[in-house]
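This report covers selected helices, a surface patch and the salt bridges of one structure. Please keep the sequence and the 3D view at hand while reading.

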Amino acid sequence: MVAEPKSFTKISTRLKEVCWLFLKLGSLSFGGPAVYISLMYHETVHLRKWLDAKRFLDLVGATNLIPGPNATEMAIHLGLIRAGGFGLISAGTLFILPGMAATLLVAWFYVNYGSIPEIGWILYGIKPVVIGIVIEAIWNLGKKAFKDITTAVVGIGIAVLGFMGFNEIGLLFCGAILVLLVHAGGRLMKHGLFAFISIPAIVHIQLITSTLTFVPFSQSMLLLTFIKIGSVLFGSGYVLLAFLRSEFVVKLGWLNLQQIFDAVVAGQITPGPVFSSATFIGYILGGWSSALIATLGIFLPSFLFVGILSRILPSVRKSIWAGIFLDGVNASSLGLMIAVTIRLGQVALIDIFTILISILTVLFIFKFRFNLIWMILGGALMGIIYKLALA
């Protein structure tokens, strides 16, 4: 019997590791991109040593500069680093798949029973746990991202402005440019100042009734529409809400505003990326096949963007000025992560019980290095038990 080449065996082992990890993360990741990225950081940097914290931060900053769901793009990039092209496809697909399946189930209930199933008890216990997880990730990433006074001040400033509601991508670029200008000095000041003094626009989601049109439904139009959204959308699920309304309510006339809201909620209460809202929309428009087409459309650009980004990122780091710019992006990204965490905290920490769960989570992570997945499951169980005790 001929033994397999060592390199093939190594790649096969790494691919299995990638598949298992991102299927697990896709199945148990609740709480938004900040939480998903925190879990990836814990698994790939702390536990598995696939890469160091500095390189992980570079990936976070770089994925913030391209359209699409950042957490999914991080999964795709980490799979590529660990297991090459097959890892890229496997990590992204398996991270998306559980959320897509869960959203399909929610969509089926929605179409057949007219409402989204109640899972509030589970989320009640999970949310404070994920706040603790994100705090731990911010603490560790902050030691790498805030390299000096400039990056620390910019990061904190971006956190304040992000919490105030300023446009995320505008803050990201402005923060990076400011760090570049401070480090570059007067030579770049003459040429770059104009880029910094532009004020980022505050995000507004317009919910005013517009002139509606109607285009006959077709799966080809559905695919093209979601490819377009996946190719140009920066920001959070609230920005996704605005894009979905513009395309499916105003331009195509296929859905009403309530259905768009329900789609975004479905994406939020299921594991994995909120972009799985596309699965929900596809299903209510055209059943299982349309759900798959919509999911493919919104996520496909991310695979292409990461494939391109992986080729240019190493050369970016070799350039002094591009490296400084990326340091600014990293600091700004962490600032935005802090702002998101504060907003999550306002929603998750609503009473003494949830505050206690969050504090215990932070203590257990820092002191005992507990497995985060088990802590999330434990939070869900505590939420159910607590609500049953009150019933």
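Ile359 is partly exposed in this predicted model, because its relative accessible area of 46% lies between the 20% and 50% cut-offs. Ile359 is found in helix 14, which covers residues 352-368. Together with Ile352, Ile355, Leu356, Leu360 and Leu363, Ile359 forms a nonpolar patch on the surface. The accessible area of this patch is about 560 Å² in total.

Ser358 also lies in helix 14. Ser358 counts as buried, at 4% relative accessibility. Its C-alpha atom is separated by 7.8 Å from that of Val130, although the two residues are 228 residues apart along the chain.

**Helices 3, 6 and 11**

The lengths of three helices can be checked against a rise of 1.5 Å a residue.

| Helix | Residues | Expected span | Distance between end C-alpha atoms |
|---|---|---|---|
| Helix 3 | 53-64 (12 residues) | 16 Å | 17 Å |
| Helix 6 | 149-164 (16 residues) | 22 Å | 23 Å |
| Helix 11 | 257-269 (13 residues) | 18 Å | 19 Å |

In helix 3, the end-to-end distance agrees with the expected span. Of its 12 residues, 10 are buried, so helix 3 is largely enclosed by the rest of the structure. Among the buried residues are Phe56, Leu57 and Leu59, as well as Asp58 and Asn64.

Which residues of helix 6 are buried? They are Thr150, Thr151, Val154, Gly155, Ile158, Ala159 and Gly162. Viewed down the axis of helix 6, these residues fall within an arc of 165°, so they line one face of the helix. The face turned away from the buried side carries the exposed residues Ile149, Val153, Ile156 and Met164. At the start of helix 6, a side-chain oxygen of Asp148 comes to within 3.2 Å of the backbone nitrogen of Thr150. After helix 6 comes Gly165, with a positive phi near 110°.

Helix 11 has a similar contact at its start: a side-chain oxygen of Asn256 reaches to within 2.8 Å of the backbone nitrogen of Gln259. The buried residues of helix 11 include Ile260, Asp262, Val264 and Ile269.

**Salt bridges**

Side chains of opposite charge can pair when their charged atoms come close. The structure holds 7 salt bridges.

One of them joins Glu17 and Arg82, with an N to O distance of 3.1 Å. Glu17 lies in helix 1 (residues 6-28) and Arg82 in helix 4 (residues 70-113), so the pair ties together parts that are 65 residues apart in sequence. Glu17 is partly exposed, at 22% relative accessible area, whereas Arg82 counts as buried, at 18%. Both residues belong to a network of salt bridges that also links Lys24, Glu43 and Arg48.

Lys147 forms a salt bridge with Asp327, and the closest N and O atoms are 3.1 Å apart. This pair links distant parts of the chain, 180 residues apart: Lys147 is in the loop between helix 5 and helix 6, and Asp327 is in helix 13 (residues 320-348). Lys147 is partly exposed, at 46%, and Asp327 is buried, at 14%.

Lys228 forms a salt bridge with Glu247, with 3.0 Å between the closest N and O atoms. Here the partners are 19 residues apart, Lys228 in helix 9 (residues 219-232) and Glu247 in helix 10 (residues 237-251). Lys228 counts as partly exposed, at 38%, while Glu247 is buried, at 8%.

Note on methods: Residues are numbered from 1 along each chain as its sequence is written. This is a predicted model: local features need pLDDT of at least 70, side-chain atom pairs count only at pLDDT 80 or more; totals for chains, interfaces and linings use all residues. Side-chain values use heavy atoms; hydrogens and water are left out. Helices (H or I, at least four residues) and strands (E, at least two) are DSSP runs, numbered from the N terminus. The expected span of a helix is 1.5 Å times one less than its number of residues. Buried means under 20% relative accessible area, exposed over 50%, partly exposed in between (1.4 Å probe, protein chains only). The arc is that of the directions from the helix axis to the C-beta atoms. A polar contact is a pair of N or O atoms within 3.5 Å; within protein, one must be able to donate a hydrogen and the other to accept it, and residues adjacent in sequence count only if both atoms are side-chain atoms. Patches are made of residues with over 30% relative accessible area and no salt bridge: like charges are joined within 9 Å, nonpolar side chains (Val, Leu, Ile, Met, Phe, Trp, Tyr) within 5 Å. Accessible areas come from the Shrake-Rupley method with a 1.4 Å probe; for residues, only the protein chains shown count as cover. A salt bridge is a side-chain nitrogen of Lys or Arg within 4 Å of a carboxyl oxygen of Asp or Glu.
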